[in-house]
Amino acid sequence: MSVDLDQTPRSLLVCDRSSFLNEKNRISSQVEQLHFNYKVSLLLPECSSAPSHLDTVFSSFNSFYLIRNMPIYELLDKHFLKTAVYQGSVYGVSYRTRIDEDNCVALMPNGHLSLSLDKDSFELLGAEGKPSRFNHRTTCRYVVCVDLTDSSMAPGGRGYQRLLTGLRSRLQLKTDFLLSHHPGGGASLQNLLSRYDWSEHRPDVSSRTLTNLSCPTLQSCDLQSCDPHSLLEWIGAVDAHISCENSSSSFLSSLVCPEPKTTVSRALSVSVCGLLLPQDVHRLIQQISPVSWGGNEHGVLRGGENFYSLLIFRDQTYQLHLATGAHDTCPP
């Protein structure tokens, strides 16, 4: 067996506990630093249908847009910069590109444009960059990160013109691109959308009712009450429709609900999928409460997972678990 496959990849789990009543809690800042969210899952014990105020929040989630075969130089368009990048938060990411093989692009809400490129594409572009942190043995990928809001990247300037020429004349990179804007929405993107084939999408909401579900007995945010790794494993199993009613000697699965545990007669599992903005996630947390990270490069050699889990208790305290793969940056 290959030495790379004979053991489970190492992962990193950071656990935090606080209260929504604590004005210095870090929920808002931590949610904002995971710019691109694909899926949010809720598990509501002793609940068989979503409360009406949650339905209202789901329906208020921002739409996002899929632009087909878009040249990346369009992100440097003067009108787009003026009406979108400089006037709020733009969230954009290349669609169906593989971070370990393809050229990938992300436009972050702080105006930073990040390109993960193979060696040939990087040399064609002719822009300043640095080797990927996740090259294996030989340098085959490079990362170019440009702050579009910096004075050096003002339209007409030397840095702007050099990047525009590289994207338009030399590299000519095109990709399907997901795009959203807060707070302007589609109105801020209309000029760009009008030039290409595009479609508008809403986050997809699905739910299912669970019966006689074994749940860990958690009475407070005490991190010692249950092993965090076992707890997250159980949450993931429930979300993935995997039974935890197994014995440790089971051939098919050894997943079990952590002890101590109890059985709830019913529970509601709700999932929201799409290009989900941090503002929408934060608004959802505010509704279910009693009252990943930054611009770092995404790891690819092993795992590559970036997620967080939030457990909310009746006494207005919470546990926050932030997890990454073996080669990713430590969560904030």
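# A tour from S214 outward

Start by selecting S214 and E245: their side chains make a polar contact of 2.7 Å. A polar contact here is a pair of N or O atoms within 3.5 Å; within protein, one must be able to donate a hydrogen and the other to accept it, and residues adjacent in sequence count only if both atoms are side-chain atoms.

Before going on, note that this is a predicted model, in which local features need pLDDT of at least 70 and side-chain atom pairs count only at pLDDT 80 or more, while totals for chains, interfaces and linings use all residues. Residues are numbered from 1 along each chain as its sequence is written, and side-chain values use heavy atoms, with hydrogens and water left out.

**Stop 1: around S214**

Show strand β11, residues 204-216, which holds S214. Helices (H or I, at least four residues) and strands (E, at least two) are DSSP runs, numbered from the N terminus. Is S214 buried or exposed? S214 is buried, because its relative accessible area is 9%; buried means under 20% relative accessible area, exposed over 50%, and partly exposed in between (1.4 Å probe, protein chains only). Not counting residues up to four places away in sequence, S214 touches W234, E245, C257, K261, T262 and T263. Contact means heavy atoms within 4.5 Å.

**Stop 2: K261**

Next select K261, in strand β12 (residues 261-276). K261 counts as partly exposed because its relative accessibility is 39%. With residues up to four places away in sequence not counted, K261 touches S214, C215, P216 and T217. Draw a distance from K261 to T217: the C-alpha atoms are 4.7 Å apart, although the two residues are 44 apart in sequence.

**Stop 3: helix α7**

W234, one of the residues touching S214, is also among the buried residues of α7. Select residues 228-239 to see this helix of twelve residues. From first C-alpha to last, α7 reaches 16 Å, close to the 16 Å expected at 1.5 Å a residue; the expected span is 1.5 Å times one less than the number of residues. Colour P228, L231, L232, W234, A237 and V238, which are buried in α7. After the helix comes H241, with a positive phi near 65 degrees.

**Stop 4: the eight-stranded sheet**

Now turn to the open sheet, whose eight strands run in the order β7-β8-β6-β5-β4-β9-β3-β10 with antiparallel pairing. Its edge strands, each paired on one side only, are β7 (130-131) and β10 (198-201). Two strands pair if DSSP finds at least two bridges between them. Strands of a sheet pair through backbone hydrogen bonds, either parallel or antiparallel.

Select β9 (residues 174-182) with β3 (residues 64-71): five bridges join them in the antiparallel sense. Which residue of β9 is the bridge partner of Y65? The partner is L179, and L179 is also the bridge partner of G92.

Add β4 (residues 89-94), which pairs with β9 over six bridges, again antiparallel. Y91 stands opposite S180 in β9. Strand β4 is mostly covered, with five of its six residues buried. On to β5: β4 and β5 pair in the antiparallel sense over two bridges, and V93 stands opposite A106.

From β5 (residues 104-107), four bridges lead to the antiparallel strand β6 (residues 112-118). Across this pair, L107 stands opposite L113.

**Stop 5: the nonpolar cores**

Select I72, L75, F80, L115, L148 and L163, the residues with the most contacts inside the largest nonpolar core, which has 35 residues. Helix α5 (residues 158-171) gives the largest share of this core, five residues. Apart from this core lies another, of 23 residues, among them V40, F61, V272 and L284. A nonpolar core is a set of buried Ala, Val, Leu, Ile, Met, Phe, Trp, Tyr and Cys residues joined through side-chain atoms within 4.5 Å.

Centre on F80. Leaving aside neighbours within four places in sequence, F80 is in contact with E74, L75, V85, V90, L107, L179, L189 and L192.

**Stop 6: D16**

Finally, select D16 in strand β1 (residues 12-19). D16 is buried, because its relative accessible area is 18%. Its contacts, leaving aside neighbours within four places in sequence, are R26, Q30, Y318, Q319 and L320.

**Zooming out**

The chain has eight helices and 14 strands. Of its 332 residues, 44% count as buried.
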